[in-house]
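Student: I would like to learn how to read a structure of this kind, going feature by feature. Could you take me through it slowly?

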Amino acid sequence: TGAAGYIGNILTERLLDAGYSVVGLDRLDFGDGAIRHLHSNPRFELVEGDLRDIDVAARVLRDAEAVIHLAAVVGDPACAANEREAVETNRHATAMLAKLSSGLGVRRMILASACSVYGSNPDTVDEASALNPVSLYAETKIDAERLLLESQTGNFSPTALRIGTAFGWSRRPRFDLLVN
């Protein structure tokens, strides 16, 4: 999910370069410019749709071996601007994707979470550190992690990655990040 996004477009290209087939799901809020060059690849299919739509999600997951879930309302300002969409997308859609994935026989799901779950902390943090959400964004990511990990079964192995602030070149630039 989020195949045309800041991280998604780079990851999609790398997965294709490694020989994988990729079905990308994206609402294309920012257009398809970041992945347009991949449309001619026979191992790539783009589904334009909202991951909150169960029919769209089920169609995309039908033959999947793994799901990399990048789509989200990202960051404090975006979540504050539309709280309902943030909760539906970041929390509820993640839970739905996990249930659908498990039910359809998908073996693995990786969730892109965020280091925002730790809040402001003067110390170095790791997976065992206390969570201290200071925004709706962080709260939705904590809930998404919990709901995802609770869906684990003997045949379904979910993982949540707490990513720090992403930076660097992307075909779908983000102008809300600092230039490193």
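The dialogue below goes through the sheet, a helix, the cores and one residue.

Tutor: Before we start, keep in mind that this is a predicted model.

Student: How are the strands ordered in the open sheet, and in which sense do they pair?

Tutor: To read a sheet, one lists its strands in order and then looks at the pairing; here the open sheet has 3 strands in the order β3-β4-β5, and the pairing is parallel. From one strand to the next, the twist averages 15°.

Student: Which strands stand at the edges?

Tutor: Those are β3 (66-69) and β5 (157-163), and each has a single partner strand, so one side of each is left without a neighbour in the sheet. Between β4 and β5 the parallel pairing runs over 7 bridges, and you can look for leucine 111, which stands opposite alanine 160 in β5.

Student: Which helix lies across β3 and β4?

Tutor: That is α4, whose direction makes an angle of about 165° with β4.

Student: How should I read α5, and which of its residues are buried?

Tutor: With a helix, one may look at its span and then at its buried residues. Helix α5 has 15 residues and reaches 21 Å from its first C-alpha to its last, which is close to the 21 Å expected at 1.5 Å a residue. Its buried residues are Tyr137, Ala138, Thr140, Lys141, Ile142, Asp143, Ala144, Glu145 and Leu148, and the buried residues of α5 pack against α3 (76-81), α4, β4 and β5.

Student: How many residues does the largest nonpolar core have, and which have the most contacts inside it?

Tutor: It has 21 residues, and those with the most contacts inside it are Leu25, Leu51, Leu97, Leu100 and Met109. Two or more residues of this core come from each of α2 (54-61), α4 (83-103), β4 (108-114) and α5 (136-150). Apart from this core lies another, of 7 residues, with Ala4, Ile35, Leu38 and Phe44 among them.

Student: What does leucine 100 touch, leaving aside residues up to four places away in sequence?

Tutor: With those sequence neighbours not counted, leucine 100 touches Ile54, Ala57, Ala58 and Leu61.

Student: Is threonine 89 buried or exposed?

Tutor: A residue counts as buried under 20% relative accessible area; threonine 89, which is in helix α4, has 6% relative accessibility and therefore counts as buried. Not counting residues up to four places away in sequence, threonine 89 touches Leu51, Arg52, Ala72, Val73 and Thr94.

Note on methods: Residues numbered from 1 in each chain as written. Predicted model: local features only at pLDDT ≥ 70, side-chain atom pairs only at ≥ 80, totals over all residues. Heavy atoms only, no water. Core = buried A, V, L, I, M, F, W, Y, C linked by side-chain atoms within 4.5 Å. Buried < 20%, exposed > 50% of the residue type's maximum accessible area, 1.4 Å probe, protein only. Helix = DSSP H or I, 4+ residues; strand = E, 2+ residues; numbered from the N terminus. Contact = heavy atoms within 4.5 Å. Pairing = 2+ DSSP bridges. Axes fitted to C-alpha atoms, helices over the stretch in contact; angles between N-to-C directions. Expected span 1.5 Å × (residues − 1).
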